[in-house]
Amino acid sequence: MVLFDWREDQDAKMVDPNLSVYSVESIASQTSTFRAELQQSIADAQARQVNASGSVSEGIVDAAGRSKMTTVHELAHVFQKADDTRYTDDSGGYQPLLLRGLFQGSKEVMADCYALTYYNEWTLSDGVTESAYGYICGDSERQAIRDWAASMDAPLG
């Protein structure tokens with residue numbers, strides 16, 4: 001934030017018709033340094049977005065940027081849908097988990113729990129915004145998510 005404020009200050013200085021050549025050269029040099037540091041920050045962030053498994057789903061999550069929790073929540077729905085095709089008679093997969101009362105019997109709450117388990121987090125908030133439905137699952141529900149994900153060969157963080 002401070003760097004962007006600095007950049008706005010430099011832009012304001014550049015419109016001054018009485019700006020000296022020395023000042024222009026100084027601003028240009030500082031701007032060049034700022035750009036190099038910004039490019040390095042971008043390269044560092046891209047390096048952290050490693051798709052270790054090479055899977056499509058992990059690639060989607062990596063590309064999500066700041067809204068990762070919401071992306072993983074929605075990805076859980078994709079896995080639920082895939083699970084529906086495996087067990088059309090509700091004899092396996094996630095349906096019995098809901099019928100047992102886990103995740104408050106809700107697909108949406110289950111998706112929250114999947115996201116929490118995926119990131120090993122205890123909240124779906126980034127401190128400013130709350131993602132999904134805000135349900136916090138306990139250890140038994142997290143284990144149920146791990147077991148279900150393993151049965152689906154779904155990535156889990």
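**Charged side chains, bonded and not**

Biologist: Which relative accessible area does Asp83 have?
Modeller: Keep in mind that this is a predicted model. The cut-off for buried is under 20%. Asp83 counts as buried because its relative accessible area is just 1%.

Biologist: And Arg86, what's its relative accessibility?
Modeller: Partly exposed sits between 20% and 50%. Arg86 falls in that class, so we call it partly exposed, at a relative accessibility of 36%.

Biologist: Which side chain meets Arg86 in a salt bridge?
Modeller: The structure holds one salt bridge. Its two residues both lie in helix H4 (residues 68-86), three residues apart, or about one turn of the helix. At 2.9 Å, N to O, the partner of Arg86 is Asp83.

Biologist: How far from Arg142 is the nearest side chain of opposite charge?
Modeller: Arg142 lies in helix H7 and is buried, yet has no salt bridge. A salt bridge needs the atoms within 4 Å. For Arg142, the nearest side chain of opposite charge is Asp139, at 5.0 Å.

Biologist: Then which residue's backbone oxygen does the side chain of Arg142 reach?
Modeller: Arg142 touches several residues further off in sequence, including Leu116, Trp122 and Cys137. At 3.3 Å, its side chain reaches the backbone oxygen of Cys137.

Biologist: What is the nearest side chain of opposite charge to Glu141?
Modeller: Glu141 is in helix H7 too, and among the residues touching it are Phe103 and Tyr135. Glu141 is also buried without a salt bridge. At 7.5 Å away, its nearest opposite charge is Arg142.

Biologist: Which helix has the highest mean pLDDT?
Modeller: The chain's mean is 78. Helix H3 is lowest at 54, while the highest, at 94, is helix H7.

Methods. Residues numbered from 1 in each chain as written. Predicted model: local features only at pLDDT ≥ 70, side-chain atom pairs only at ≥ 80, totals over all residues. Heavy atoms only, no water. pLDDT = per-residue confidence, 0-100. Helix = DSSP H or I, 4+ residues; strand = E, 2+ residues; numbered from the N terminus. Buried < 20%, exposed > 50% of the residue type's maximum accessible area, 1.4 Å probe, protein only. Lys, Arg positive; Asp, Glu negative; His and termini not counted. Polar contact = N/O pair within 3.5 Å; in protein donor to acceptor, adjacent residues only side chain to side chain. Contact = heavy atoms within 4.5 Å. Lists of a residue's contacts leave out its neighbours within four places in sequence.
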